[in-house]
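Colleague: Please show me the model, and then let us go through its side-chain contacts one at a time.

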Amino acid sequence: MELQAVLMAAGGGSRMTDLTYNTPKPMLPVGNKPLIWYPLNLLERVGFEEVIIITTREVQKMMHTVKMKIKMDIVCIKEDEDKGTADALRQYQQKIKTDVLVLSCDLITDVALHEVVDLFRAHDAMLAMLMSKVHDFTETVPGQKGKTKTVEQRDFVGVDQTGKRLLFLANEADLEDGLSIRKSILRKHPRIHIKTGLMDTHLYCLKKAVVDFISERKSFSSIRGDFIPYLVRKQFSRTIASQILKDDADDQSQRKDDSSTNQELPTSSQDKYLLQLARERSCWNDHHGDMSEAYHGGKLRCYVHIVDQGLCYRVNTLAAYIEANRQAPKLIDDPPINSLAVISERCQIGSDTVIGAHCQIADKTSIKRSTIGNTTTIKEKVKIANSIIMHGVTIKDGCNIQSSLICSNAVIGKGADLKYCLVGNGQQIEAGAERTNEVIGPPMEI
């Protein structure tokens, strides 16, 4: 086994609570499939046969609805504990037997995964991560029209001249005293390109020794928030590097012992030895400008693959969720209109519309550029455009729904007119209602 896959699916979706108060984030429908289906499908496509899913009891109970070929080892963390991704990885560290690919359940991408793995293997890196350009979603978010957008704090990402070696990583919030680069880095890399406008996709290749290092240090709660900036910063620290490298050597030795009974395939430790030998006996170098040995002798190395084309973003805001539903058909092989949907011949269904199983759509209805969830019922003379309708919704005669998001099991009364509205799970809209730019959710708790 070259890499184990670990899927993080315990996040609560704190930036999209209007959707997640009744439905766990990993199970939110995107293109009529649960959000968690997309990273699982990504792993399946590139040949992973098993995945460890770290999630909550609530999600675990719903996972029987996610039909995949990949074997899923589902483990749970306590929902009442405030645990980060590093805490979760630490809790199940005993399941990690080799290097790992860690990814988030909210990642939607068509990126070739081998781009990250190749960097990880070719440079014998401790970390290889995936980043993409920050997306400026242009769709108006229901219930948010005219409101000021939250300004996201930027990441400052420093890379070498190849654009691959990750030398510096810090968030704007941590740079109160300005951006400064350590002399130990500049001595080895006098030319550093600082990039902004990048988003961490929360996809990481990590050495097993790194996982062991995290498990021993409970001060790390979040992989992205705490540990990754620390690891990038400590690449040029001999003390930390030697500690992790010692763990890595121990892991390699252990794997060599474990595989001694089966010599049919070369072990990863043998491959590593041959790779090191090739470097020593060749004139190859990873940098220009001096005659220093490859990597300037550094053993702890971090790399990044930056996506500049294709589909790649995290579904962690309402705007991203809306865009994900627009893009989902590109990643799904299923026909846009499910064969089990019952649709009147006297309907107008746009080619850019997705309709789920067991939907019932009556006469003289028009649906354009929208996603209609499973078991949804739409009565006569309804107009729907540029909207997302989740599962089990009932829309009665004569309704007009424009640029809105209707959550599961909602009921929209006869003749209602909704524009730029978000209707929460199970909510009822009275007949003849006219609503614009509203969030219609459960009553607030006092």
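Colleague: Which residues do ring pairs link into a cluster?

Modeller: This is a predicted model, in which local features need pLDDT of at least 70, side-chain atom pairs count only at pLDDT 80 or more, and totals for chains, interfaces and linings use all residues. Side-chain values use heavy atoms, with hydrogens and water left out, and residues are numbered from 1 along each chain as its sequence is written. Rings of Phe, Tyr and Trp (its six-membered ring) pair if their centres lie within 6.5 Å, where planes under 30 degrees apart count as stacked, over 60 as edge-to-face and the rest as tilted. On that criterion, the cluster linked by ring pairs consists of Phe213, Phe220, Phe227 and Tyr230.

Colleague: How many residues apart in sequence are the parts that the pair of Phe137 and Tyr313 ties together?

Modeller: The structure holds 8 aromatic pairs. In one of them, Phe137 and Tyr313 meet edge-to-face, at 5.6 Å centre to centre and with 75° between the planes. Because Phe137 lies in the loop between β8 (127-133) and β9 (155-159), whereas Tyr313 belongs to strand β14 (residues 312-314; strands are DSSP runs of E, at least two residues, numbered from the N terminus), the pair ties together parts whose separation in sequence is 176 residues.

Colleague: Is Tyr313 buried or exposed?

Modeller: Buried means under 20% relative accessible area, exposed over 50%, and partly exposed in between (1.4 Å probe, protein chains only). Since the relative accessible area of Tyr313 is 2%, this residue counts as buried.

Notes. Helix = DSSP H or I, 4+ residues; strand = E, 2+ residues; numbered from the N terminus.
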